[in-house]
Amino acid sequence: AEGAGKYTKRDKKNFYTIARGSVYECASIADILCDESIISFNDASKVKAELEVVSRMLSALIISCGLP
């Protein structure tokens, strides 16, 4: 919802880039939770696989903005 009000390509690209960074942070959190035995390795792997899908989607959106 936060990015819905972004109108310029530059604003959208910035928002998508920040969102992709948040995905990477979530993947790191999944690793930490697994290391601390809070979630299983299997669960962490599932979460990270879903995050990879989201990251690829965000990367495509960033590219679609067509800015350097």
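Let me start with the two helix axes: in this predicted model, the axes of helix α1, residues 9-35, and helix α2 come within 9 Å and cross at roughly 170 degrees. Since an angle over 145 degrees counts as roughly antiparallel, α1 and α2 are therefore roughly antiparallel to each other. By class, the contact of α1 with α2 has 16 nonpolar, three polar and four charged residues. On the α1 side the residues that meet α2 include Tyr16, Ala19, Val23, Ala27 and Cys34, while on the α2 side they include Phe41, Val47, Leu51, Leu58 and Ile62.

I would like to take one residue from that contact, Ser55, which has its place in helix α2, residues 41-64. Is Ser55 buried or exposed? Its relative accessibility is 10%, and because buried means under 20%, Ser55 counts as buried. Leaving aside residues up to four places away in sequence, Ser55 touches Arg20, Val23 and Tyr24, and these three are among the α1 residues that meet α2.

Now to the protein as a whole, whose secondary structure comes to two helices and zero strands. The radius of gyration is 14 Å, well over the 11 Å that the globule rule gives for 68 residues, so the protein is more spread out than a compact globule. The C-alpha trace spans about 45 × 20 × 20 Å along its principal axes. Of the 68 residues, 21% count as buried, and the protein exposes about 5100 Å², with carbon and sulfur atoms supplying 60% of that area. Finally, among contacts with a separation of 6 or more, residues 24 or more positions apart account for 64%.

Notes
Residues numbered from 1 in each chain as written. Predicted model: local features only at pLDDT ≥ 70, side-chain atom pairs only at ≥ 80, totals over all residues. Heavy atoms only, no water. Helix = DSSP H or I, 4+ residues; strand = E, 2+ residues; numbered from the N terminus. Buried < 20%, exposed > 50% of the residue type's maximum accessible area, 1.4 Å probe, protein only. Contact = heavy atoms within 4.5 Å. Axes fitted to C-alpha atoms, helices over the stretch in contact; angles between N-to-C directions. Parallel < 35°, antiparallel > 145°, perpendicular 65-115°, else oblique. Nonpolar A, V, L, I, M, F, W, Y, C, P; charged D, E, K, R; others polar. Rg over C-alpha atoms; globule rule 2.2 N^0.38 Å. Areas by Shrake-Rupley, 256 points an atom, 1.4 Å probe, with all protein chains shown as cover.
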